[in-house]
Structures are given as structure tokens and as C-alpha cells.
Amino acid sequence: MSILVIAEHHNGQLADSTAHVVAAAQAIGGDIDILVAGDNAAGAAEAAAKLSGVAKVRTADDGVYAYQLAEPMAELIAGLAGDYSHVLAAASTHGKNVLPRVAALKDVAALSEVIGVESPDTFQRPIYAGNAIATVQSNDALKVLTVRTTAFDAVDATGSAGVEAISATVENTLSRFIGEELASSDRPELGSARVVVSGGRGMGNGENFTLLDGIADKLGAAIGASRAAVDAGFVPNDMQVGQTGKIVAPELYIAVGISGAIQHLAGMKDAKIIVAINKDDEAPIFQVADYGLVGDLFEVLPELESKL
Amino acid sequence: MKVLVAVKRVIDYNVKIRVKPDHSDVDLTNVKMAMNPFCEIAVEEAVRLKEKGVASEVVAVTIGPKAAQEQLRTALALGADRAIHVETDDKVESLTAAKLLKRVADDEQPGLTILGKQSIDTDNNQTGQMLAALAGMGQGTFASEVQVEDDEVQVTREVDGGLQTVALKLPAVITTDLRLNEPRYAKLPDIMKAKKKSIDVKSPDDMGVAVASSLSVLKVESPAERQGGTKVASVDELVDKLKNEAKVIA
Ligand SMILES: Cc1cc2nc3c(=O)[nH]c(=O)nc-3n(C[C@H](O)[C@H](O)[C@H](O)COP(=O)(O)OP(=O)(O)OC[C@H]3O[C@@H](n4cnc5c(N)ncnc54)[C@H](O)[C@@H]3O)c2cc1C
Ligand SMILES: Cc1cc2nc3c(=O)[nH]c(=O)nc-3n(C[C@H](O)[C@H](O)[C@H](O)COP(=O)(O)OP(=O)(O)OC[C@H]3O[C@@H](n4cnc5c(N)ncnc54)[C@H](O)[C@@H]3O)c2cc1C
């Protein structure tokens, strides 16, 4: 078995998710290579070479891979895939954008959001918003998988793989990068934070989200939100937790003014401990909460902040 | 410019599914079905492009059993001009769906094909990307804004870090995210009118695509149940439990 892991990186910095994907590759077993494609991505390649269990890092450094648009990335990966039995990436918006395109170019199925590896060809993945877990076997010679990073513990960074440049490059006449608006925050990333505090429609407006700041500061937490809070414009889209937003599995998840719709639960029910703060004692969120506190969030939050 | 929209019949998003006792699949007997919410957004976007004069015709397509015509009628009531039903009772995997959609696109030559970003049953999030690959087109996935200008479409995409905007050469493929638009409700007169619009029925055989699958589902299980439901009476009790019982804060 030989596995190609697609690294995710931003501005030369390797994303945390890659170390989790390497862990999933180790669960499959075999030689593991990492592909770092980008424009001036040497820093990310260096970090990838340190991930333990990696045989070699292959780099494709060219302007065409800047912003890692799906069209050139998929063509590059499909060209390399002949050397491998598996191609893996994180089930992030990036991985989900690129890998299905690779799979179709290679005429094989893709498996999304893999949460368990039973054998090199048999995997587990959630369906129906996590209300069922399917065990799926792939009969394709090449397996193309996106991996839910919260389901695999990151490998450490004690390795020293060799780095090798790929000379071939591709052309992209289909798409062009125009711009981006990235949220900047001093807080930990939602997907990897130890504690997540999320606000829902019950927060009332965007300003009230500052009530969560003090608590998040004290707990070193990331701040998330329900879809209703994002749709209402309280907070930006990158904070949405749920079936169609981000999946989180922190040690502690505090849901404030969130009712607990199945689509929201799909994104957070693997948290170790769930706390719910809601004024409606029949809100469904209480059914999954380890500790539920019935009360008005405008009274509870300041008191909680002062007592932490 | 013609716009092709793919719509899928799935369980209603309010339904909480149950796994069959023999673990072969989920139990969908007598479960309420509906159009996949992301496909509703796709139809809405196509209809708005027509209302703006950008699109000349909106064609809805579905792949699925006879009953999936209900979802095509919904699309027609929402403003699609005509529909294509690729009828099959088999479970259709994303790659096969993409191959069938590619055949339809070969015939129809749409300037844009709009799909949902994921269907809420399989949560695959694959079909649009696969179609774009097979058709050799650019892809604007997870779209929250779409703007057609001359021979290009600009798509603002919801990505993990925020928003990214790309320009794609037409023809192109777009998949919808939640905030692209708010779909309208079909009005009664439109529902009546939709009954007269045409649905062209084809089979995968006619189209020369084999509905084969390289994936087999070995079993389907329920996830581990959470033991929730405990309430605390005060903030003091909450803080105490988090510190001393759950030991998740210091
Ligand atoms: C296709 C699809 C995908 C979706 N994907 C997602 C997703 O990824 N993530 C997601 O979150 N949702 C998603 N949803 C939406 C989901 O169905 C719910 O609508 C949403 O989660 C509700 O958000 P909420 O709990 O904040 O709002 P509500 O359901 O309105 O709940 C607000 C809660 O706040 C409480 N409250 C109000 N005021 C106070 C107060 N002063 N003090 C304390 N409590 C208060 C209320 O009692 C209530 O329980 C999706 C829906 C669809 C159809
Ligand atoms: C428990 C379970 C077991 C299954 N077992 C099998 C199996 O053994 N073999 C098998 O082949 N399949 C099986 N399936 C079905 C198969 O996984 C899905 O139907 C397939 O993945 C279709 O892609 P998707 O809807 O997930 O695509 P997504 O990529 O999530 O859908 C995105 C968009 O693509 C478009 N689209 C997708 N499908 C259609 C369609 N039919 N018509 C029109 N537009 C569409 C829509 O616009 C949709 O919003 C199984 C499904 C389940 C839940």
C-alpha cells in the first residue's frame, strides 16, 4: 500500500489538519507521502517533512497552484495518483472541493468524511447528519477519501522525511482567483480547540456575542455559532457548527441560546462534555447535554464569566 | 444561456431516521420525502438568473425512482421551464449521478449547471465536483454569491477560513451553499401550471451509462447514544461539576 496525503496550508504555514490525515493514513498502513502544492510553500513542506510516519514530501511549487484552486490541483493529483493505492485529504472545504474532482478524473468513487478505518478497503462514515454510521467497502483500485480530522489524533512532529520537487506542471484555463476575505482571530481554530463556546439565535444580535468573549478568554476557547445566528448576520459563516458547517469534537462544548436541531447536533455531539444554557427547559439540546442550565443567557453569562 | 439544475429527492430535513434492525440500511418506509434543501436553493438561483434576463431557459433534472417526479413538479412550480427525469430504482452513487448529468449536459449544452453542495441523506458533497471534472469545466463549490458577466461567472465561496471569490470560464458548474438565497414558496397557481409543463423521461440504459457501483455498504449502525439530560440548578453548581466531576476546566 502507498498513500498520498494532500497537505493543506495557508501562506506557507501547514494547517493542523494535515497531521490528523497522516494519522488516518497510518491506520490504513503503508508508505505515506505528502503532497505540498502551492506558490512559495517551502515552509509548509518543511513542516510536513517533520510529521512522523511520513516517507517523503513531494512539492509542486508554481504560480498555477496559488490558492490551490480545484482545477489545477485535481489535475496534478490525478497525474500522481498512479503511484498510489490511496489519496487522502482532510474533509475541509478544501479537501471536499478537490478530491471528488480527482476521483472523477480517475473514474473511481470518493468517500467523504471518513471517521474510521476497518481495513485498507473498508471505512466508516456518517450519513443522515450523523444519525447513522455506514461501513462501506470500496472495490476500486484507487481509494479517494476525505477524512474527518476530529476522528483521528494528530501524529507528532518528530520525523525527518526527505523533500523532493515535482517538475511537471499543469495549466489552468478554467478558473482564476479573484479575492478572499478571511476572518482573523486570536482564538484557537474551531476544528481543533479544546473548548468551544457557541451562540445561537437566542443571542439576539451580533453585539451580544461579546458576552461569550470573556468566557472564551478564560477557557482558551474558540467561538462558534448555529446556522440561525449566521443567517441572521450576527456572525460570519466560518463560525457555523453543524451538518453543513464545521464539525467539532472538543473536550467541552457550551451551547448558549441554541435549541439543538439535528443539523446542529451533527456538528458537535462528539464533544466529550456538552453544556447547554437555554431558557426553554424543553429545548432538545438538553437531551444531549451532560449539564443543562435553564435560565436567561443574559443573566447566566455574566455570572458564569465572573465565577470561572 | 440555458441553466441546468439538478434536484434530488431525499428525506425531509425534519425527519430523524432510524436504522433497520438488520443493519442493512436506514428505514425509509413511510418517511416524508422532499427536495434536498440545497437543491431548492439551486432552483431558486436558476430562476432568479432567468428573472434577471441572464438565463433564457431553466431545465430541471433528477435521477431517481418514479416518485422523484414530485420533486421535478416542485422545481417546475418554482419556475423551471421543463424537466428531465432519468428514471431508475437503483441507488445511484455520486460518480454515476455525475456521469448521467454529464450526458444530459452534452445534450442540453447549458451555460451553467447548478447543483446543491451536498444532499442531506448521504452528505457526500461530491456530485458537482465530479460533473465538473467529467465535463472539463471549472467549478464554483459552496457558492454564496453568483454573478454572470460576459463569458465568465464570478462565484463567492464559503470556505473554512471565510470567503473566497473565483472567476470561472463558461460553461461552468456551481454548487450552492445555504446563504446563496432564500428559496420562495410555490404558489397554488404555479403548482397548477407546473402540471402542464413537460417532463421528458429517460433511462440510464438509453443514455449508455451503467448504474454500477464500486462501493458496497456492509452495514449501517446507529451512532453511540449520548447519556444527556442532567440539569444543574445554578451557575455555581455548573462550575463545580465542570471542575470536580467532568474535570474539563481547572
Ligand atoms: C439543509 C440544512 C442544513 C442546516 N445546517 C445547519 C448547520 O450546519 N448548523 C446549524 O446550527 N444549523 C443548521 N441548520 C438549521 C437548523 O435546522 C436550525 O434551524 C438551527 O440550528 C437553529 O439555530 P438556533 O438553535 O440558534 O435557533 P433556534 O432554534 O431559534 O433556537 C434558539 C434558542 O435560544 C433560546 N433562547 C432564546 N432567548 C434566550 C435567552 N435570553 N436565554 C437563553 N436561551 C434563549 C430559545 O429557547 C431557543 O431554544 C440546517 C438546516 C437545514 C435545512
Ligand atoms: C445507507 C445507504 C446505503 C447506500 N448504498 C448504496 C449502494 O450500495 N450503492 C450505491 O450505488 N448507492 C448507495 N447509496 C446511495 C448513494 O450513496 C447516493 O445516492 C449517492 O452518493 C448520490 O450522491 P449524493 O446525493 O450523495 O451526492 P451529493 O454530492 O451529496 O449531492 C450534491 C448534489 O448533486 C445533485 N444530485 C445528486 N444526486 C442526484 C440525483 N439522483 N438526481 C439529481 N441530482 C442529484 C443534487 O443537486 C445534490 O444537491 C446508499 C445510500 C445510503 C444512505
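The following questions and answers concern a predicted model with two protein chains, A and B, and the ligands that lie between them.

User: Why is the site of ligand 1 described as shared between chains?
Analyst: Of the 29 residues around ligand 1, those that come nearest include A:R201, A:S226 and A:N278. The surrounding residues are nevertheless drawn from both chains. The site is therefore shared between chains A and B.

User: Which atom of ligand 1 is 2.8 Å from a polar backbone atom of A:V241?
Analyst: Ligand 1 has polar contacts with the backbone of chain A, one of them at A:G257, where a backbone N or O atom lies 3.0 Å from an oxygen atom of the ligand. At A:L297, a backbone N or O atom lies 2.8 Å from a nitrogen atom of ligand 1. For A:V241, the ligand atom at 2.8 Å is a nitrogen atom.

User: What percentage of the exposed area of ligand 1 does the protein bury?
Analyst: A backbone N or O atom of A:L297 lies 2.8 Å from a nitrogen atom of ligand 1. Taken alone, the ligand exposes 980 Å². The part of this area that the protein buries is 86%.

User: Which element of chain B gives two or more residues to the shell around ligand 1?
Analyst: The shell divides into ten nonpolar, 14 polar and five charged residues. In chain A, the elements that give two or more residues are α6 (227-231), α7 (262-268) and α9 (297-307). The element of chain B in this group is α1 (37-51).

User: Where does ligand 2 lie?
Analyst: The shell around ligand 2 holds 27 residues, and the closest are B:K8, B:S119, B:T122, B:N124 and B:Q126. The shell divides into eleven nonpolar, twelve polar and four charged residues. Ligand 2 lies between chains A and B.

User: How many Å separate an oxygen atom of ligand 2 from an N or O atom in the side chain of B:K8?
Analyst: Polar contacts to oxygen atoms of ligand 2 include one from a backbone N or O atom of B:K91 at 3.0 Å. A polar side-chain atom of B:S94 lies 2.9 Å from an oxygen atom of the ligand. The protein covers 90% of the 950 Å² of accessible area that ligand 2 has on its own. For the side chain of B:K8, the distance is 2.4 Å.

User: Which element gives the largest share of the shell around ligand 2?
Analyst: A backbone N or O atom of B:K91 lies 3.0 Å from an oxygen atom of ligand 2. The elements of chain B that give two or more residues to the shell are β4, β6 (112-116) and β12 (215-221). The largest share is three residues, and the strand that gives it is β4(B).

User: Is B:A60 buried or exposed?
Analyst: B:A60 lies in strand β4 (residues 57-64) of chain B. Leaving aside residues up to four places away in sequence, it touches B:V5, B:L72, B:A75, B:A80, B:R82, B:A83 and B:I84. Its relative accessibility is 0%, and the limit for a buried residue is under 20%. B:A60 is therefore buried.

User: What area is buried between chain A and chain B?
Analyst: The contact takes 86 residues from chain A and 78 residues from chain B. A:T93, A:Y128 and A:Y291 supply 11% of the area that chain A buries against chain B, more than any other three residues. Carbon and sulfur atoms give 53% of the total, and the area buried between the chains is about 6900 Å².

User: How many of the eleven residues of helix α3 of chain A are buried?
Analyst: Helix α3 spans residues 70-80 of chain A and is mostly covered. Among its buried residues are A:E71, A:M73, A:L76 and A:I77. The number buried is nine.

User: Is A:E207 buried or exposed?
Analyst: A:E207 is in the loop between β14 (195-199) and α5 (210-219) of chain A. Its relative accessible area is 67%, and the limit for an exposed residue is over 50%. A:E207 is therefore exposed.

User: Which backbone oxygen does the side chain of A:H20 reach at 3.2 Å?
Analyst: A:H20 is in helix α1 (residues 17-28) of chain A and counts as buried at 17% relative accessibility. Beyond its neighbours within four places in sequence, A:H20 is in contact with A:T149, A:F152, A:D153 and A:A154. The backbone oxygen that its side chain reaches at 3.2 Å is that of A:T149.

Terms used
Residues are numbered from 1 along each chain as its sequence is written. Chains are lettered from A and ligands numbered from 1 in the order in which they are written. This is a predicted model: local features need pLDDT of at least 70, side-chain atom pairs count only at pLDDT 80 or more; totals for chains, interfaces and linings use all residues. Side-chain values use heavy atoms; hydrogens and water are left out. A residue is near a molecule or strand if one of its heavy atoms lies within 4 Å of it. A polar contact is a pair of N or O atoms within 3.5 Å; within protein, one must be able to donate a hydrogen and the other to accept it, and residues adjacent in sequence count only if both atoms are side-chain atoms. Accessible areas come from the Shrake-Rupley method with a 1.4 Å probe; for residues, only the protein chains shown count as cover. Helices (H or I, at least four residues) and strands (E, at least two) are DSSP runs, numbered from the N terminus. Ala, Val, Leu, Ile, Met, Phe, Trp, Tyr, Cys and Pro count as nonpolar, Asp, Glu, Lys and Arg as charged, and the others, Gly among them, as polar. Buried means under 20% relative accessible area, exposed over 50%, partly exposed in between (1.4 Å probe, protein chains only). Contact means heavy atoms within 4.5 Å. Buried area is the accessible area (1.4 Å probe) that two parts lose on being put together, summed over both.
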